[in-house]
Amino acid sequence: MATLERSAPAAAHVHEEVLANGLRVLIQEMHTTPLASVWCWYRVGSKDESSGQTGVSHWVEHMNFKGTTNIPRDKVKGIIEQFGGYWNGYTWIDQTTYTETATRDALDRMLFIEAERMTNCLYDPADCESERTVIISELQGGENDPDTLLDQELTAAAFKAHPYRHPTIGWLADLQAMTREDLYAYYRRFYVPNNATLVVVGDVETKDALRAVVRHFGHIAPGEIGRRLPTREPEQLGERRVTLRREGTTAYLKIGYHAPGFGDADFFPMLVLDAVLTGAKGINLWASFRTPPPQRSARLYRALVDGRLASSVMGGIVPTAEPFLYMISCTATAGTPLARLEEATLAEIEAVRQHGLSAAERDKAVHQLRARLVFENDSITNIAHQLGYFETIASWRLVSTLRERIEAVTVDQVAAAAAERLAPRNRTVGWFEPLPVSP
Amino acid sequence: MTTAAHRGLAPSRATLDNGAVVIAKQSQTTPAVTLHAAIAAGVVFDPSDRPGIAHFLSRTIDRGTRTRPADAIAEELDRRGVSLAVTVNRHVVSLVCTCLVEDLDTILAVLADIVRHPIFPAEEVDTRRGEIITLIRQDEDNPATMASEGLLSDLYGAAHGYGRRTRGTIASVEGIDRSTLARFHQERCAPGSLSLVMVGDIEPAAAIDAAAAAFADWEAPLPPPAQLDPVPPQAGRRVRVIPMMNKAQADIAYGFTTIRRSDPTYYAHWLMNNILGQYSLGGRLGDSIRERQGMAYYVYSALDANVIPGPLIIRAGVNPANVDRAIASIDEELSKLAADGPTDQELAESKQFLIGSMPRHLETNVGIASFLQTVEFFGLGLDYDVRVPALLQAVRGEEVHEAARRTVDPGRATVVVAGPYSGQPA
């Protein structure tokens, strides 16, 4: 495995600095291309939202692209594009993040944009209203897809106490009711340097980059965040079921199990277990789901897809700050009853719960995951993402330990995780049953 | 074997004696190599009465060879963490994967075997037929797909190589069996229709030698080029609604046929499209429909200048109550661009963006491989990455204006709306 030794752990040469205002800064020099990537992460996501305000984190993210005191609304367009750059952002359950990747000479511009975003966004009332309908359009576009709809309903049924239960996009009634003041207050509460991590990776000199960061962010005052009180989801006592019957052409099955959070001992055994069942997805939310997993020899693929019961099967466990779900998703082949697909899926789950897995299966899964780590570190954008992502849910230092933690997983740990986590009482089963489409 | 190399990205290119083209580029960011094989066996080669063969081939070519059963291929790839993506577009079937350098020889041998010796086992063909039928059924429930495919069908005709559905119809797919696939493979897959790009941590000469070892003894006659019907003229405006009343949002696909990739006005059209529906959050269309009017989460335009005049497609997803207003806004933006052309500032910004974004597009192995396949397919030259900036810089405002006048006239637009909408837009 000589060449795998060169799969440079992403965090090997990271410079870390915490400014006086609490902003954590991570800089990694990479001189392979004349580019720089900046990510600014906030520890705020849909789990921080209260009832009546679901979707506010994501709506705030949208508003933070709409001009600031020093970037007038009509100057937003082109501000990074003139450097050949790309910018974007995303919101999920634990985090909100913003990114720019552009030529290295744009570093100062990227830092300026992020400092402005942290302090000076406008929240023009007309823009808030216009964005309300954009987000509702985003929600309705998602609902056009039965798979997305089922995912949302299943997640809501699987959690009864933890705020991971509501979708990041929010519930429609909340999106219709929230005001500009709700958005602005939320923005001011969470967008403070002591709640943020700024990551710079690329063709930069650490000293110069740090000096520029201090110039842009050093003067920003910290704030009181006022976190919600923590809630632990009560242990699930029995199987739950959700059945959607709507017009459509295709049947879908999902099974969600309460899963370990990233900090739990059996997170990595579950990651290996998922690779055994459905192929290794890797561990980079920004990159992993863009390429299909190697899954032709995975247990559920063999049983369900080669068995002609499903046209696709996918599993997913993602590193999260608190325990979320391990979700298995299948598309039934035309004519296959969902009961039969569910029975076959659960038979495979029971087999791994009862009999564990072979050493060869464990070795293959581990090798797949190690290869994915290499493939997913192929750009400065991906590397920067990983540092910020893990700092937001745990610690950036863990990025360099991912490989050894995957390699340390034993057959017995995977078997124990399967027996415990995939128990019937821990699952929520979702069916999308298509009704005939009206002419 | 002949080789050539240039400055810039400076890939090495070799044509094997049997006609196969191999292009290699070294990049040392990760200890991995991306393999991207393209075979001229795309949807345009489907017989017009049997659509879906090329797509069916893409789903079955890697399901068993003379010497490797499907399970053995799956095992050889999976245990190295390699997922082979086989996709099809109008002109080519592409096989793309990334592997660790240490696995390159094995993966290249498997890839060559898949390309050269597939046997399409009956059992596998039956299984994948079921998957394809499920995919077609999913497409029929997807307003975005229905709108896009409906538009291409209306622009080119349902039987035309650019207008037919990639996956075919359930009836046609039910009629495709192993002998149909084997015949299609024999007719279309040959060294003369293959180009293989390899990008990663390997010396170009070694990469070309490895490719030669895998492909040089392949002998098969050169397949004939695609015979494509002329593009039907667009006389007036056409609007079609595909009601899908069980959905929450309507999808609009609005488009035109445009130009060939080899057309001298290609760079003017590229800039025109960027200004219209790409730059920043969707160009002028994004400014109007998303930013000012808040009607859509996504709106953009895409230009596909191709072997024959390809389409320019504008796409938007909107609430059904906003369909008429969104289409009127698209009309308005197109009319303005066709009447007045771009502003100097827009032109300068789009040039700067397209030129400046090249290092980003050429950062990863996968990105470089895809770029080099495009270069090879359209015969753009190995120094194309170096020449792009000057080609864009040379475009004048009036040329972009002329491209808009010639291409995006709302009076000749074809529009398809799919979703919970039963009106009849103008």
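**Stop 1: two oblique helices in chain B**

Select helix 1 (residues 53–60) and helix 4 (residues 122–140) of chain B. The model on your screen is predicted. The two helices pack at an angle of about 120°. Their axes are 10 Å apart. Angles from 65 to 115 degrees would count as roughly perpendicular, and those over 145 as roughly antiparallel. Helix 1 and helix 4 of chain B are therefore oblique to each other. Now look at the handedness: helix 1 of chain B passes helix 4 of chain B in a right-handed crossing.

Show the side chains next. On helix 1 of chain B, pick Phe56(B), Arg59(B) and Thr60(B). They meet Glu124(B), Val125(B), Arg128(B), Glu131(B) and Ile132(B) in helix 4 of chain B. Colour this contact between helix 1 and helix 4 of chain B by class. You get three nonpolar residues, one polar and four charged.

**Stop 2: a helix pair in chain A**

Move to chain A. Select helix 1 (residues 56–63) and helix 3 (residues 125–143) of chain A. Their axes come within 10 Å and cross at roughly 120°. Helix 1 and helix 3 of chain A are therefore oblique to each other. Helix 1 of chain A passes helix 3 of chain A in a right-handed crossing.

Which residues of helix 1 of chain A make the contact? Select Trp59(A), His62(A) and Met63(A). Across from them, on helix 3 of chain A, are Asp127(A), Cys128(A), Glu131(A), Val134(A) and Ile135(A). By class, the contact of helix 1 with helix 3 of chain A has five nonpolar residues, one polar and two charged.

**Stop 3: all of chain A**

Zoom out to chain A. Count along the ribbon: there are 14 helices and eleven strands. Along the principal axes, the C-alpha atoms of chain A fill a box of roughly 60 × 60 × 40 Å. How does the radius of gyration fit? A compact globule with 439 residues would have a value near 22 Å, and chain A has 22 Å, which agrees.

**Stop 4: the two domains of chain A**

Give residues 9–217 of chain A one colour; they are domain 1. Give residues 240–435 another; they are domain 2. The C-alpha centres of these two domains of chain A lie 27 Å apart. Where they touch, 37 residues of domain 1 are in contact with 35 residues of domain 2.

Stay on the domain 1 side of chain A. Highlight strand 2 (24–29), strand 3 (35–42), strand 5 (96–103), helix 4 (146–158) and strand 6 (196–202). Each gives two or more residues to the side that touches domain 2 of chain A. Which element gives the largest share of that side? Select helix 4 of chain A: it supplies ten residues. By class, this side of domain 1 of chain A has 20 nonpolar, eleven polar and six charged residues.

**Stop 5: all of chain B**

Switch to chain B. Its secondary structure comes to 16 helices and twelve strands. The radius of gyration of chain B is 23 Å, close to the 22 Å that the globule rule gives for 426 residues, so chain B is as compact as a globular protein of that length. Turn the C-alpha trace of chain B along its principal axes: the trace spans about 60 × 50 × 35 Å.

**Stop 6: the two domains of chain B**

Colour domain 1 (6–215) and domain 2 (238–419) of chain B. Their centres, taken over C-alpha atoms, are separated by 27 Å. The contact takes 32 residues from domain 1 of chain B and 37 residues from domain 2 of chain B.

Look at the domain 1 side of chain B. Strand 3 (21–26), strand 4 (32–39), helix 5 (143–156) and strand 7 (194–200) each give two or more residues to the side touching domain 2 of chain B. Helix 5 of chain B gives the largest share, ten residues. By class, this side of domain 1 of chain B has 16 nonpolar, eleven polar and five charged residues.

**Stop 7: where the chains meet**

Finish with both chains shown. Their contact takes 55 residues from chain B and 57 residues from chain A. On the chain B side, the elements that give two or more residues include helix 2 (70–78), strand 6 (93–100), helix 10 (279–292) and helix 12 (344–356) of chain B. Now select helix 4 of chain B again. It gives the largest share of the side of chain B that touches chain A, nine residues. By class, that side of chain B has 21 nonpolar, 20 polar and 14 charged residues.

Methods. Residues are numbered from 1 along each chain as its sequence is written. Chains are lettered from A and ligands numbered from 1 in the order in which they are written. This is a predicted model: local features need pLDDT of at least 70, side-chain atom pairs count only at pLDDT 80 or more; totals for chains, interfaces and linings use all residues. Domain bounds come from an automatic or database domain assignment. Two residues are in contact if their C-beta atoms, placed from the backbone, lie within 7 Å. Helices (H or I, at least four residues) and strands (E, at least two) are DSSP runs, numbered from the N terminus. Ala, Val, Leu, Ile, Met, Phe, Trp, Tyr, Cys and Pro count as nonpolar, Asp, Glu, Lys and Arg as charged, and the others, Gly among them, as polar. Axes are lines fitted to C-alpha atoms, for helices over the stretch in contact, and angles run from 0 to 180 degrees between N-to-C directions. Angles under 35 degrees count as roughly parallel, over 145 as roughly antiparallel, 65 to 115 as roughly perpendicular and the rest as oblique. A crossing is left-handed if the near helix is turned anticlockwise from the far one by less than a right angle, and right-handed if clockwise. The radius of gyration is taken over C-alpha atoms; the globule rule is 2.2 Å times the number of residues to the power 0.38.
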